[in-house]
Amino acid sequence: MPSRSSVKETAVRERLDPGAGSNHDHSADKPAEWAQPFLSHTLEARWLPWTFDMIILVRLLRIALVTILCIVAFAALFEFLNAIPTHLSLSDHPQAGLTNPRGPLVFDALVWGVVFRAPGYLFNGTIPLLIVLAVAEWKSAKGWRWHLAIWIIAGLLATGFPATDPWRFAAALLAAAATGYLYWLLAGKSAGDWLQARRMREPNAGRKLLNYAAYVVLAYLGYQLSGYLYYGGKLLWVSSGPEPDPGTPPFHVRFERETTASKKVAMMDFPDPASCLKKAETDDLSTDRLKEMDWDRIDNADEAEVCVFRLLGSYENLSYATDWFEAQGFYVHPNFSSGRPYVELDGTLRVTGVHSIRKDGPKFPTTGIIRRAFRSIPYSMSVDATWSKDGNELLWVQTGFSTL
């Protein structure tokens with residue numbers, strides 16, 4: 001049996017030299033081992049919530065900017081590829097490949113795609129694409145096939161699904177595939193990484209508030225998506241079904257190719273003058289009543305053209321056009337007015353009203369911050385109303401936008 005003195009000696013030795021056979025002094029590590037988890041937990045609780053929120057904000061901003069970049073890239077690439085067959089067909093011409101002295105056809109196609117085609121794609125396609133890409137982000141879809149499929153479908157829809165034109169279809173398919181791969185490289189292959197980091201963190205009040213804000217954003221995007229789906233359904237209906245009724249007065253355009261699917265939808269939504277006017281107790285269509293156009297119901301240029309045609313065409317002749325334009329807040333130059341209309345080469349008469357977007361804001365749409373922001377890019381809007389040679393019949397209405 002060991003003596004009391006030997007037991008004390010053994011206890012002192014174990015306290016001073018823990019771990020038999022080890023030359024390392026572990027007693028010095030104990031304060032660090034104890035302090036490290038406490039310090040890490042303290043720093044995480046104090047700084048990580050804000051860092052994590054910034055990660056989410058930066059990620060959303062990155063998705064939006066990459067989407068905009070890819071839409072512009074798709075517009076330029078599509079126009080470039082679509083111009084190649086025309087460029088090759090002109091190879092035997094003395095001025096082969098030239099549309100004007102400024103440069104080759106394909107270069108002009110690139111400029112056209114970026115300057116003129118891209119704004120329309122951005123206006124109509126940014127929000128739907130962001131909704132779909134947000135779902136892909138939420139589902140952590142990192143595969144390149146998913147993103148190629150998304151962009152190919154979007155590209156074909158943006159170009160009107162040109163199945164009857166093999167060259168145009170091939171250009172849209174190649175441009176969309178290249179753009180989808182570009183998006184995957186810049187943003188798609190890291191989809192959902194921030195969500196995985198989010199699931200590793202313990203819930204806290206700040207993150208709950210962020211979740212509520214995310215639900216609000218998703219609800220808004222869902223509401224916008226429902227509107228696009230509804231409008232897209234009408235586009236499919238008029239594209240595959242019978243021609244819509246021209247309405248009263250019968251709506252027609254200058255060239256048959258201008259009767260697009262969106263214009264047919266506008267003809268259905270606004271079949272007569274009463275459908276374009278502000279609500280009133282009377283059904284009378286007097287001269288003054290026809291001036292009360294309801295711009296709050298107008299969402300695009302096609303609807304504006306249809307309604308302007310319905311209302312101006314209800315007058316006897318072009319003598320009422322200047323007063324009507326001025327009642328809408330348009331400026332009518334004396335050389336393009338009812339008293340002195342502009343005479344076209346074919347003898348038809350044109351009256352033009354101009355609206356300053358830079359000064360008074362876009363005429364339509366009257367709601368929606370994002371939509372009004374896109375419509376605020378041009379500095380002015382013009383509406384051309386063309387009458388017959390005798391000025392008694394309205395022939396067509398065209399809207400135009402001036403952009404620097």
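**The four-stranded sheet**

Tutor: Start with β4: the strand is mostly covered, with 6 of its 8 residues buried. Buried means under 20% relative accessible area, exposed is over 50%, and partly exposed lies in between (1.4 Å probe, protein chains only).

Student: What kind of model is this, and how are residues numbered?

Tutor: The model is predicted: local features need pLDDT of at least 70, side-chain atom pairs count only at pLDDT 80 or more, and totals for chains, interfaces and linings use all residues. Residues are numbered from 1 along each chain as its sequence is written, and side-chain values use heavy atoms, with hydrogens and water left out.

Student: OK. What is the strand order in the sheet?

Tutor: β3-β4-β5-β6, an open sheet of 4 strands with antiparallel pairing. Strands (E, at least two residues) and helices (H or I, at least four) are DSSP runs, numbered from the N terminus. Two strands pair if DSSP finds at least two bridges between them.

Student: Which strands stand at the edges?

Tutor: β3 (342–343) and β6 (394–402). Each has a single partner strand, so one side of each has no neighbour in the sheet.

Student: Does a helix come in? Which strands does α9 touch?

Tutor: Helix α9 (residues 301–312) packs on the sheet and touches β5 and β6. Contact means heavy atoms within 4.5 Å. The α9 direction makes about 145 degrees with that of β6. Axes are lines fitted to C-alpha atoms, for helices over the stretch in contact, and angles run from 0 to 180 degrees between N-to-C directions.

Student: Back to β4. How many bridges join it to β5?

Tutor: 8, between residues 349–356 of β4 and 380–387 of β5. Among the pairs, Leu349 partners Trp387, His355 stands opposite Met381, and Ser356 partners Ser380.

Student: And how many join β3 to β4?

Tutor: 2, also running antiparallel. Tyr342 has Arg350 as its bridge partner. The two strands form a hairpin with 5 residues between them. Gly347 in that turn has a positive phi of about 95 degrees.

Student: Why is β5 called largely enclosed?

Tutor: 8 of the 8 residues of β5 are buried, so the rest of the structure largely encloses it. Both faces are covered. One side carries Ser380, Ser382, Asp384 and Thr386; the other carries Met381, Val383, Ala385 and Trp387.

Student: Last one. How do β5 and β6 pair?

Tutor: In the antiparallel sense, over 8 bridges. Thr386 stands opposite Trp396 in β6. Their hairpin has 6 residues between the strands, and Gly391 takes a positive phi near 75 degrees.
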